[in-house]
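Reader: I have just opened this model and would like to learn how to read it. Could you walk me through it, feature by feature?

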Amino acid sequence: ALSIPYFPNASIGWDDTPRFPKKGQKDLVHYNKTPEAFAAFLLKARAYCDGHPEQPKLITVFSWNEWVEGGYLLPDVKYGFRYLEMVRRVMGGAYDPYSE
């Protein structure tokens, strides 16, 4: 509806409860954070860009290293490189959510 381009954002989630211990589960922005859930966001963002060829193809990602807020793509002990692997697979066209 606006005359300015929209740039979709993909995120693995947000959880600032380590900073604010009185917050609870109801305050989380994204439940069940997994590389596959992140890939689903990224896939929708890519589909939006592909469906709007008149706009620059730009997707923002939150975030590289927001450890305290639970939003990071850096490798960790739980998932290793899987978040980064999902970026490579989705953007390279090799990700199929139905075969995962």
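Reader: Let me begin with one residue: leaving aside its neighbours within four places in sequence, which residues is Tyr83 in contact with?

Author: A good place to start, and please keep in mind that this is a predicted model. With those sequence neighbours set aside, Tyr83 is in contact with Ile12, Lys33, Thr34, Pro35, Phe38, Tyr72 and Leu73.

Reader: Which residues touch the most other members of the largest nonpolar core?

Author: Tyr83 appears again here. The largest nonpolar core has 14 residues, and Phe38, Leu42 and Tyr83 are the ones that touch the most other members. Two elements, α1 and α2, give two or more residues to this core. The largest share comes from α1, with 5 residues.

Reader: How do I read the way α1 and α2 pack, and at what angle do they do so?

Author: Look at the directions of the two helices and at the distance between their axes. Helix α1 covers residues 35–50 and helix α2 covers residues 82–91; they pack at an angle of about 30 degrees, and their axes lie 9 Å apart. Angles under 35 degrees count as roughly parallel, so α1 is roughly parallel to α2. Their crossing is right-handed.

Reader: Which residues make that contact?

Author: From α1 come Pro35, Glu36, Phe38, Ala39, Leu42, Leu43 and Arg46, while α2 brings Arg82, Tyr83, Met86, Val87, Val90 and Met91. Sorted by kind, the residues of this contact are 10 nonpolar and 3 charged, with no polar ones.

Reader: Now the whole chain, please. In what order do its elements run?

Author: Reading from the N terminus, the order is β-α-β-β-β-α. That gives 2 helices and 4 strands in the protein chain. Its C-alpha atoms fill a box of roughly 45 × 35 × 25 Å along the principal axes.

Reader: What percentage of the residues is buried?

Author: Of the 100 residues in the protein chain, 32% are buried. You can also ask how far apart in sequence the contacting residues are. Among contacts with a separation of 6 or more, 60% join residues 24 or more positions apart.

Reader: One last feature: which peptide bond is cis?

Author: As a general idea, most peptide bonds are trans. In this model, the bond from Phe62 to Ser63 is cis, with omega near -5 degrees. To find it, go to the loop between β2 (60–62) and β3 (65–66), where Ser63 has its place.

Conventions:
Residues numbered from 1 in each chain as written. Predicted model: local features only at pLDDT ≥ 70, side-chain atom pairs only at ≥ 80, totals over all residues. Heavy atoms only, no water. Axes fitted to C-alpha atoms, helices over the stretch in contact; angles between N-to-C directions. Parallel < 35°, antiparallel > 145°, perpendicular 65-115°, else oblique. Left-handed = near helix turned anticlockwise from the far one by under 90°. Contact = heavy atoms within 4.5 Å. Nonpolar A, V, L, I, M, F, W, Y, C, P; charged D, E, K, R; others polar. Core = buried A, V, L, I, M, F, W, Y, C linked by side-chain atoms within 4.5 Å. Buried < 20%, exposed > 50% of the residue type's maximum accessible area, 1.4 Å probe, protein only.
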